[in-house]
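Got the viewer open? Let's take a quick walk through this one, starting with the charges and then moving on to the strands.

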Amino acid sequence: MLFRTAILAKVRAGEVSVAFRRWTKPSVKAGGFRVTSIGRLAIDQVRPVSEAEITEAEARLAGEASRADLMAALANGKGELHRIAFHLEGEDPRIALRQDSDLSAADRAALEKRLARMDARAPWTRRFMDLIAAHPGRRAGDLAPMAGLATPEFKARVRRLKALGLTISLEIGYRLSPRGQALRSQSSGTSTPDPDRSAG
């Protein structure tokens, strides 16, 4: 379940706490979570609704200017209409994770195991980390051809590394997180300078 940047800003401000989606099968469930750029959203309720149940007040609570605007946005969707209630629970847990560079033997083994599963069909995780380390802040559109992939697929794979706390998305491009640098240096036996420290 994706949110527009403008809607997320309203969620952060406490102005938005519901969303409406058309789904053939719900992509979230009550008690679950959705990690966004502003933090982790806790899903409180997911239930089918009819169009008649959506009021002007509900549309504004979903971040739209009017019910007409909300219905227009939902017109292109397929499946049953659902109302999702949620609240902002806290910061993105990946933020703290990616700053944790003090990897124990158990931490390193767990990460190596996850990366090995991701590399099951064909190795790519180390190559991507090396590429990002060599070109911090480089556009995804520039890095993708170097990796031999289309940009959407490249971004999708980097998001998988980000979920492990190994990379950081910049305004343009990416860089390895302190956690990613630590794993890479321990695996290769070389040290990788931290751009934040070297900048000062």
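Before we count anything, here's how elements are named: helices are DSSP runs of H or I with at least four residues, strands are runs of E with at least two, and both are numbered from the N terminus. Keep in mind that this is a predicted model. With that naming in hand, helix α5 covers residues 105-118 and supplies the largest share of a positive surface patch, three residues.

**The positive patch**
- Four residues build this patch on the surface: K113, R114, R117 and R160.
- If you want a place to start looking, R117 sits in helix α5.

**The sheet as a whole**
- Four strands make an open sheet, and reading across it you get β1-β4-β3-β2, with antiparallel pairing.
- At the edges are β1 (18-23) and β2 (33-36), each of which pairs on one side only.
- On average, neighbouring strands in this sheet are turned by 35° against each other, ignoring direction.

**Going strand by strand**
- β1 runs antiparallel to β4 (residues 80-90), and six bridges join the two.
- One spot to click on there is W23, whose bridge partner in β4 is E80.
- Between β4 and β3 there are eight bridges, again in the antiparallel sense.
- Here A42 has H87, in β4, as its bridge partner.
- β2 and β3 (residues 39-48) also run antiparallel, joined by four bridges.
- Look for V35 in this part: it stands opposite R40 in β3.
- What joins β2 to β3 along the chain? A hairpin does, passing through two residues.

Conventions. Residues numbered from 1 in each chain as written. Predicted model: local features only at pLDDT ≥ 70, side-chain atom pairs only at ≥ 80, totals over all residues. Heavy atoms only, no water. Patch = residues over 30% accessible without salt bridge, like charges linked within 9 Å, V, L, I, M, F, W, Y side chains within 5 Å. Areas by Shrake-Rupley, 256 points an atom, 1.4 Å probe, with all protein chains shown as cover. Salt bridge = Lys/Arg side-chain N within 4 Å of Asp/Glu carboxyl O. Lys, Arg positive; Asp, Glu negative; His and termini not counted. Charge placed at Lys NZ, Arg CZ, Asp CG, Glu CD. Pairing = 2+ DSSP bridges. Axes fitted to C-alpha atoms, helices over the stretch in contact; angles between N-to-C directions.
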